[in-house]
Amino acid sequence: MVYKFRVILDAEEDIFRDIAILAEDTLEDLHNAIFNSFGFDGMEVASFYTCDETWNQEEEIPMFDTGDIPGEQKTMSDYQLSEILDDENTKILYVYDFINMWTFLVELAAIEEQTAGTSYPETLFSHGEMPDEAMDKNFEADNADDFASEFEDDLDEDDLDMFEGDDSFEDYGFEENWN
């Protein structure tokens with residue numbers, strides 16, 4: 001079977017590629033097809049993320065095993081596309097280059113029979129030019145306010161009164177030392 005994906009750059013303008021790839025190919029093969037179709041050099045680290053129907057990020061599937069115990073974490077090359085995506089689970093996120101955070105929405109658009117004489121993966125359609133820079137991302141945890149309040153110590157100005165009139169600090173002659 002052939003999986004046909006629409007890979008959309010998360011940007012203000014419509015920039016996407018339609019890619020056909022075999023269902024038994026791996027996520028690593030899809031990663032290669034994506035960075036090639038968008039003109040990246042492939043020298044940066046990337047990850048896929050499973051997600052729900054509204055694109056909320058779930059489990060990370062990295063290029064390399066970054067776990068504490070070698071071999072414990074599965075990577076892109078360990079997953080066939082058909083293991084992750086099907087008629088019900090059609091969406092996955094792809095992030096390329098964790099410095100610039102190029103983020104792509106990858107959606108399985110169709111599952112079709114393989115066409116004889118066609119080599120896969122194949123870029124079927126290309127729309128839009130890549131911008132020079134990735135869009136700025138604002139990553140914030142759902143519970144960011146809860147996390148911040150955990151560290152509030154309820155100090156106010158009156159609590160700092162204990163330092164008033166304390167002359168035990170030595171004057172090291174700040175200005176004189178900058179000659």
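This is a short dialogue on reading the salt bridges in a predicted model.

Q: What should be known about the model and its numbering?
A: Residues are numbered from 1 along each chain as its sequence is written. In this predicted model local features need pLDDT of at least 70, side-chain atom pairs count only at pLDDT 80 or more, totals for chains, interfaces and linings use all residues, and side-chain values use heavy atoms, with hydrogens and water left out.

Q: How many salt bridges are there by this rule?
A: Side chains of opposite charge can pair when their charged atoms come close. A salt bridge here is a side-chain nitrogen of Lys or Arg within 4 Å of a carboxyl oxygen of Asp or Glu. The count is three.

Q: Which parts does the pair of Glu112 and Lys4 tie together?
A: Strands (E, at least two residues) are DSSP runs, numbered from the N terminus. Glu112 and Lys4 form a salt bridge at 2.6 Å, N to O. Glu112 belongs to strand E6 (residues 102-112) and Lys4 to strand E1 (residues 2-9), so the pair ties together parts 108 residues apart in sequence.

Q: Is Asp18, the partner of Arg6, buried or exposed?
A: Buried means under 20% relative accessible area, exposed over 50%, and partly exposed in between (1.4 Å probe, protein chains only). Asp18 is buried at 15%, whereas Arg6 is partly exposed at 32%. The closest N and O atoms of their salt bridge are 2.7 Å apart. Asp18 is in strand E2 (residues 16-22) and Arg6 in strand E1, 12 residues apart.

Q: Where does Glu53 lie?
A: Glu53 is in the loop between strand E3 (46-51) and strand E4 (57-62). Its salt bridge with Lys91 has an N to O distance of 3.9 Å. Lys91 is buried, with a relative accessible area of 14%.

How values were computed
Helix = DSSP H or I, 4+ residues; strand = E, 2+ residues; numbered from the N terminus.
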